[in-house]
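Me: Please take a close look at the disulfide in this model. Then work outward from there to the rings and the overall fold.

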Amino acid sequence: MAQEITDATFDEVVLKSDKPVLVDFWAAWCGPCRMVGPIVDQISEEYEGKAVVGKVDVDANQEFAAKYGVRNIPTVLVFQNGEVVGRQVGVAQKQTYTDAIDALL
């Protein structure tokens, strides 16, 4: 399962990570988010120990969604060394996400 990330933990989990980080910005009411969720959970298992994979519920945690200009969900951001290095808005194939992580490993 992907790690639940909140506004309170975002800095520590995402920005200070020494590994690549994939963050899925989602909401429970969002249909396309329910399509991306299982993909993100699979990636979390496959990349355990190599990358951090997490999810931010934008209804409960709006600070970093706003900071990174997340206007549509699902939006998946990829971070390295605290910087956004990739962005995918909307539903994409699993390989789109894994390619983004693989490029950083």
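Reply: A disulfide here is a pair of cysteine sulfur atoms within 2.5 Å. The model is predicted, so every value below is computed from predicted coordinates.

Searching the whole structure gives 1 disulfide. C30 and C33 are the partners, with an S to S distance of 2.3 Å. That falls within the 2.5 Å cut-off, so the pair counts. Its handedness comes from the torsion about the S-S bond. For C30 and C33 that torsion is about 80°, so the disulfide is right-handed.

Next, burial. The cut-off for buried is under 20% relative accessible area. C30 has a relative accessibility of 4%, so C30 counts as buried. C33 is also buried, because its relative accessibility is 4%.

Now the rings. A pair of aromatic rings is described by the distance of the centres and the angle of the planes. The whole structure holds 5 aromatic pairs. One of them is F10 with F64: the ring centres are 4.1 Å apart and the planes meet at 10°, so this pair is stacked. In sequence the two are 54 residues apart, with F10 in helix α1 (residues 7-15) and F64 in helix α3 (residues 63-67). The pair therefore links distant parts of the chain. F10 has a relative accessible area of 1%, so F10 is buried. F64 is buried too, at 7%.

F10 has another partner, F79. Here the ring centres lie 5.8 Å apart and the planes stand at 80°, so the pair is edge-to-face. This pair also links distant parts of the chain: F10 sits in helix α1 and F79 in strand β4 (residues 75-80), 69 residues apart. Both F10 and F79 are buried. Step back, and F10 belongs to one aromatic cluster together with F25, F64, Y68 and F79.

Two lysines sit over rings. The charged end of K50 is placed over the ring of Y47, at 5.1 Å from the ring centre. K55 lies over the face of W26, and its distance from the ring centre is 5.4 Å.

Y47 leads on to T98. Helix α4 (residues 94-102) contains T98. Its relative accessibility is 10%, so T98 counts as buried. Leaving out residues up to four places away in sequence, T98 touches I43 and Y47. So Y47 has K50 over its ring and T98 in contact.

Last, the whole chain. It has 4 helices and 5 strands. Their order from the N terminus is β-α-β-α-β-α-β-β-α. The radius of gyration is 12 Å, close to the 13 Å that the globule rule gives for 105 residues, so the chain is as compact as a globular protein of that length. Along the principal axes, the C-alpha atoms fill a box of roughly 30 × 25 × 20 Å.

Burial and contacts complete the picture. Of the 105 residues, 48% are buried. Among contacts with a separation of 6 or more, 67% come from residues 24 or more positions apart. The exposed area of the chain is about 5,500 Å². Carbon and sulfur atoms supply 48% of that area.

Notes:
Residues numbered from 1 in each chain as written. Predicted model: local features only at pLDDT ≥ 70, side-chain atom pairs only at ≥ 80, totals over all residues. Heavy atoms only, no water. Buried < 20%, exposed > 50% of the residue type's maximum accessible area, 1.4 Å probe, protein only. Phe/Tyr/Trp six-rings, centres within 6.5 Å; stacked < 30°, edge-to-face > 60°. Lys NZ or Arg CZ within 6 Å of the ring centre and 35° of its normal. Rg over C-alpha atoms; globule rule 2.2 N^0.38 Å. Contact = heavy atoms within 4.5 Å. Areas by Shrake-Rupley, 256 points an atom, 1.4 Å probe, with all protein chains shown as cover.
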